[in-house]
Structures are given as C-alpha cells and as structure tokens.
Amino acid sequence: MKDKILPNEYSSYSLQELKDEANKIVDFLEKEKNLESSIDSYQKLLQLNNLIEKKFKEDTRQISVNSKEKIQKLTSKLNAKRTN
C-alpha cells in the first residue's frame, strides 16, 4: 500500500496545530470499531507524526541558534565593558 502524501497545508501549520490534528485522529481511531476502515487514518497519523518530529527539530535548532547569538552578544558587551 502506497503512502499518501499529506496536503501542503500541513507544512504551514504550527507544532500546536499539528498536535491538535493528530489528537483528532487519535480520538477518531479510539472510537472506531472497524480497524480495516481506519488504515488511511493510521497512515495520516504516522505522516503527521513525522512532520511534527521534523518541525520540532527545526524549532529546536532555531532556538539553539538564537540562544548562541544572544550569548555571543552578551559576552561581547561584557567584554567591552571590562576593557573600558
């Protein structure tokens, strides 16, 4: 069975929006009695999970970069004050 590609709209979603969407699918799957009819939902949930992981990694990387930049600015200001 081929994986279906998630709509492009999901790429613009925030982590919280993706999480909410995944929770909706989980709620649906928990209520579903016929597992055969829910295969597409499982696949969509797996793809959403992968997208959430990627976005989380991107956000974490960006936070790390921003933190390093702020530390460098503060360190350079501190060093400038010490030399004066």
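The following exchange concerns the helices, packing and core of a predicted model.

Visitor: How many helices and strands does the protein have?
Guide: The model is predicted, and its helices are H1, covering 15-31, and H2, covering 39-83. Strands number zero, and the count of helices is two.

Visitor: Are H1 and H2 roughly parallel or roughly antiparallel?
Guide: The axes of H1 and H2 lie 10 Å apart, and the two helices pack at an angle of about 155°. Because angles over 145 degrees fall in that class, H1 is, relative to H2, roughly antiparallel.

Visitor: What is the handedness of the crossing of H1 and H2?
Guide: Residues of H1 that meet H2 include Leu18, Ala22, Ile25 and Leu29, while those on the H2 side include Leu45, Leu48 and Leu51. Where H1 passes H2, the crossing is left-handed.

Visitor: Which helix gives the most to the largest nonpolar core?
Guide: This core has seven residues, namely Tyr10, Leu18, Ala22, Ile25, Leu29, Leu48 and Leu51. Both H1 and H2 give two or more residues to the core. With four residues, the helix that gives the most is H1.

Visitor: With which residues is Leu29 in contact, leaving aside neighbours within four places in sequence?
Guide: Leu29 belongs to the largest nonpolar core and is among the H1 residues that meet H2. Beyond those neighbours, its contacts are Ser38, Ser41, Tyr42 and Leu45.

Visitor: What percentage of the residues in the protein is buried?
Guide: The protein exposes about 7,200 Å², of which carbon and sulfur atoms supply 54%. Counted over the 84 residues, the buried share is 17%.

Methods
Residues numbered from 1 in each chain as written. Predicted model: local features only at pLDDT ≥ 70, side-chain atom pairs only at ≥ 80, totals over all residues. Heavy atoms only, no water. Core = buried A, V, L, I, M, F, W, Y, C linked by side-chain atoms within 4.5 Å. Buried < 20%, exposed > 50% of the residue type's maximum accessible area, 1.4 Å probe, protein only. Contact = heavy atoms within 4.5 Å. Areas by Shrake-Rupley, 256 points an atom, 1.4 Å probe, with all protein chains shown as cover. Axes fitted to C-alpha atoms, helices over the stretch in contact; angles between N-to-C directions. Parallel < 35°, antiparallel > 145°, perpendicular 65-115°, else oblique. Left-handed = near helix turned anticlockwise from the far one by under 90°.
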